[in-house]
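Colleague: Please select one part of this model and examine it closely, setting out how it is put together and what surrounds it. A single connected account would suit me best.

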Amino acid sequence: MQNNGTKPRTIDAAEGSIAVKAPIAGVYERWLEFEDYPKFITAIRSVRKLDANHFVASLGFNGKEYETTLELMLCIPERRLAWRTLADHRAPDHFAAGVVSFASLSDQSTCVTLKLTSSFGGAVSSRVDKYLHNFKRLVEGQGDRKTGKSDP
């Protein structure tokens, strides 16, 4: 795949899973709170909802700022979500897509599996692990849902 006809675009992919101590319904609903993504996906600075399936995300990678449109492509309640970036003038050469799956381990525990594909660069596998651990802390330490901080 060519990048502006000058050099090959590198696409990295990774997958990771983590057990979260919370019922599947709550874990799934928390992942649907797109505006909270900056609390656990450190590359995302902000998310603004455009409509039910489209969002604008401000991203920071490798010291550069990007803005891109995200499209929610699949939404199976309490099972799976899939999204991708849409090519536009803000980030024409970059692509990212993800799938997050939820599986009940018990009444109070859920396995979250994240698959991420990205051309933004960086160690995708370490980012997936970091995002999952951040999400686990956010869900398990609910406290203040607006700040993601636990009560004292």
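**The sheet and its surroundings**

Modeller: Let me begin with one residue pair: Arg84 has Ala97, a residue of strand 8, opposite it. This pair belongs to the region where strand 7 and strand 8 run antiparallel, joined over five bridges. The coordinates come from a predicted model, and I describe the sheet on that basis.

The wider setting is an open sheet of seven strands, in the order 3-9-8-7-6-5-4, with antiparallel pairing. Its edges are formed by strand 3 (12-20) and strand 4, each of which pairs on one side only. From one strand to the next, the twist averages 20°. The protein as a whole holds two helices and nine strands, and from the N terminus the elements follow one another as β-β-β-α-β-β-β-β-β-β-α.

Several of the pairings can be followed residue by residue. Strand 8 (residues 96-106) and strand 9 (residues 109-118) run antiparallel and are joined by ten bridges; within this pairing, Ser101 has Thr113 of strand 9 as its bridge partner. On its other side in the sheet order, strand 8 is followed by strand 7. Strand 7 in turn pairs with strand 6 in the antiparallel sense, over seven bridges, and Ile76 finds its bridge partner in Arg80 of strand 7. Three residues separate strand 6 from strand 7 in a hairpin, and in its turn Glu78 has a positive phi of about 60°.

At the strand 4 edge, strand 4 (residues 44-51) and strand 5 (residues 54-61) run antiparallel, with six bridges between them. Two residues lie between these strands in their hairpin, and Lys49 stands opposite Phe55 of strand 5. One residue of this edge strand merits a separate look: Ser46, which lies in strand 4. Its relative accessibility is 35%, so Ser46 counts as partly exposed. Apart from neighbours within four places in sequence, the contacts of Ser46 are Pro38, Val56, Ala57 and Ser58. Eleven residues along the chain separate Ser46 from Glu35, and their C-alpha atoms are 6.9 Å apart.

I turn next to the helices that meet the sheet. Helix 1 (residues 24-31) lies across strand 3, strand 6 (64-76), strand 7 (80-86), strand 8 and strand 9, and its direction is at about 165° to that of strand 8. Helix 2 (residues 124-140) also packs on the sheet, where it touches strand 3, strand 5 and strand 9 and makes an angle of about 25° with the direction of strand 3.

Which residues of helix 1 are buried? They are Ile24, Val27, Tyr28, Arg30 and Trp31. The arc they cover around the axis is only 160°, so they lie on the same side of helix 1. The elements that cover these buried residues include strand 3, strand 6, strand 7, strand 8 and strand 9, together with helix 2.

Trp31 leads from helix 1 to the aromatic rings. The structure holds nine aromatic pairs. One of them joins Trp31 to Tyr37 in an edge-to-face arrangement, with 6.1 Å from centre to centre and 70° between the planes. Trp31 counts as buried because its relative accessibility is 0%; Tyr37, at 4%, likewise falls under the 20% limit and therefore counts as buried. Ring pairs extend this into a cluster of Tyr28, Trp31, Phe34, Tyr37, Phe40, Phe55, Phe102 and Phe135. Within the cluster, Phe55 is the residue already met opposite Lys49, while Tyr28, like Trp31, is among the buried residues of helix 1.

For the protein as a whole, 44% of its 152 residues count as buried. Of the contacts between residues at least 6 apart in sequence, 47% join residues at least 24 apart.

Confidence in the prediction remains to be considered. The mean pLDDT is 84, and 82% of the residues reach 70 or more. Helix 1 has the highest mean pLDDT among the elements, 96, whereas strand 1 (residues 2-3) has the lowest, 45. Residues 143-152 have pLDDT below 50, and this stretch makes 17 contacts in the model beyond near neighbours in sequence. Predicted coordinates should not be read in detail where pLDDT is low.

Terms used: Residues are numbered from 1 along each chain as its sequence is written. This is a predicted model: local features need pLDDT of at least 70, side-chain atom pairs count only at pLDDT 80 or more; totals for chains, interfaces and linings use all residues. Side-chain values use heavy atoms; hydrogens and water are left out. Two strands pair if DSSP finds at least two bridges between them. Helices (H or I, at least four residues) and strands (E, at least two) are DSSP runs, numbered from the N terminus. Axes are lines fitted to C-alpha atoms, for helices over the stretch in contact, and angles run from 0 to 180 degrees between N-to-C directions. Contact means heavy atoms within 4.5 Å. Rings of Phe, Tyr and Trp (its six-membered ring) pair if their centres lie within 6.5 Å; planes under 30 degrees apart count as stacked, over 60 as edge-to-face and the rest as tilted. Buried means under 20% relative accessible area, exposed over 50%, partly exposed in between (1.4 Å probe, protein chains only). The arc is that of the directions from the helix axis to the C-beta atoms. pLDDT is the predictor's confidence in each residue, from 0 to 100.
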